[in-house]
Amino acid sequence: MPVEGVDQDDLKRRMQGALSVLKTEFAGLRTGRASSSMMDPIMVNAYGQSMPISQVATVSVPEPRMLAVQVWDKTMVAAVEKSIRESNLGLNPVVDGQLLRLPIPELNEERRKDLIKIAHKYSEQAKVSIRHVRRDGMDTAKKLEKDGKISQDDSRVVSDEIQKLTDGLIAEADAMLVKKEAEISQV
């Protein structure tokens, strides 16, 4: 039941935004197969500013265990190579003119554990973001109740609905983490 002054659609949109960020971050964690989305989180220092690799190069998957990054401006090749090496993805680019070949090495057990830890960190960050949005909604409801704009019953109903939404989205984040862990652990 919508209550005047508490925009539950906005709260839901903000919480789902945290999940979409988590989905993007999970796509960047590699699982032993080449995927162009692995390059999405990489930022390149180009033309005096930081920009996504997709704005300075084309990323393709010529083979199942190989990525190719075709840099558009040859002056940017070194910057792109440096960004890939420093990305903590464990990739070692081979430069061939304006083309960077990125062989995807087999994941050893230690690297799998590291990736799972990173996935847990991403998941926790998303859950914290969701909880921050919940707190904002709860604070708004309490303030409206204190100011006499809504009744105590309405405040309780709104708080319960916000908590239900939070619980559902945190469960979704946990499910995404379990799926990603299984994907990383798969040999």
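Two residues are in contact here when heavy atoms of one lie within 4.5 Å of heavy atoms of the other. The structure is a predicted model, and this notion of contact serves to read how its helices meet.

In α1, the residues Gln8, Leu11, Lys12, Met15, Gln16, Leu19, Leu22, Lys23 and Phe26 meet a set of residues in α4. On the α4 side the partners are Val158, Glu161, Ile162, Leu165, Thr166, Leu169, Glu172, Ala173, Met176, Leu177 and Lys180. Sorted by class, the residues of this contact are 12 nonpolar, 3 polar and 5 charged. The axes of α1 and α4 come within 11 Å and cross at roughly 10°. Angles under 35 degrees count as roughly parallel, and α1 and α4 are therefore roughly parallel to each other.

Helix α4, residues 152-185, also meets helix α3, residues 109-146. Their axes come within 10 Å, with a crossing angle of roughly 170°. For angles over 145 degrees the term is roughly antiparallel, so α3 and α4 are roughly antiparallel to each other. The contact of α3 with α4 holds 13 nonpolar, 9 polar and 8 charged residues.

These three helices also share a core. The largest nonpolar core has 29 residues. Inside it, the residues with the most contacts are Val6, Leu19, Leu22, Phe26, Leu29, Ile130 and Ile162. Two or more residues of this core come from each of α1 (8-28), α3 and α4, and α3 gives the most, with 11 residues. In soluble globular proteins, nonpolar side chains tend to be buried together.

Phe26 shows how the helices come together at one residue. Setting aside neighbours within four places in sequence, Phe26 is in contact with Ala119, Tyr122, Ser123, Met176, Leu177 and Lys180. One of these partners, Ser123, lies in helix α3. Is Ser123 buried or exposed? Its relative accessibility is 1%, so Ser123 counts as buried, the cut-off for buried being under 20%. Again without neighbours up to four places away, Ser123 is in contact with Leu22, Phe26, Ala173, Asp174 and Leu177.

A second core, separate from the largest one, has 21 residues and includes Ala57, Met76, Val77 and Leu100.

Next comes the sheet. It is open and consists of 4 strands in the order β3-β4-β6-β5, with antiparallel pairing. Which strands stand at its edges? They are β3 (57-63) and β5 (94-96), and each has a single partner strand, so one side of each is left without a neighbour in the sheet. On average, neighbouring strands of this sheet are turned by 25° against each other, direction ignored. Helix α2, residues 77-85, packs on the sheet and touches β4, β5 and β6 (99-103). The direction of α2 makes about 15° with that of β6.

At one edge of the sheet, β3 pairs with strand β4, residues 66-71, in the antiparallel sense over 5 bridges. Among the bridge partners, Thr58 is matched with Gln70 in β4, and Val59 with Val69 in β4. A hairpin through 2 residues joins β3 to β4.

The loop between α1 and β1 contains Ser36, which has contacts with these two strands. Not counting residues up to four places away in sequence, Ser36 touches Val59, Val61 and Leu67. Ser36 and Pro64 are 28 residues apart along the chain, and their C-alpha atoms are separated by 11 Å. With a relative accessible area of 35%, Ser36 is partly exposed.

After this loop the chain reaches another hairpin. Strand β1, residues 43-46, has side chains that alternate. Val44 and Ala46 point to one face and are buried, while Met43 and Asn45 point to the other and are not. Strand β2, residues 49-52, runs antiparallel to β1, and 4 bridges join the two. Val44 stands opposite Met51 in β2, and Ala46 has Gln49 in β2 as its bridge partner. The hairpin formed by β1 and β2 has 2 residues between the strands. In the turn, Tyr47 has a positive phi of about 55°.

How values were computed:
Residues numbered from 1 in each chain as written. Predicted model: local features only at pLDDT ≥ 70, side-chain atom pairs only at ≥ 80, totals over all residues. Heavy atoms only, no water. Axes fitted to C-alpha atoms, helices over the stretch in contact; angles between N-to-C directions. Parallel < 35°, antiparallel > 145°, perpendicular 65-115°, else oblique. Nonpolar A, V, L, I, M, F, W, Y, C, P; charged D, E, K, R; others polar. Core = buried A, V, L, I, M, F, W, Y, C linked by side-chain atoms within 4.5 Å. Buried < 20%, exposed > 50% of the residue type's maximum accessible area, 1.4 Å probe, protein only. Pairing = 2+ DSSP bridges.
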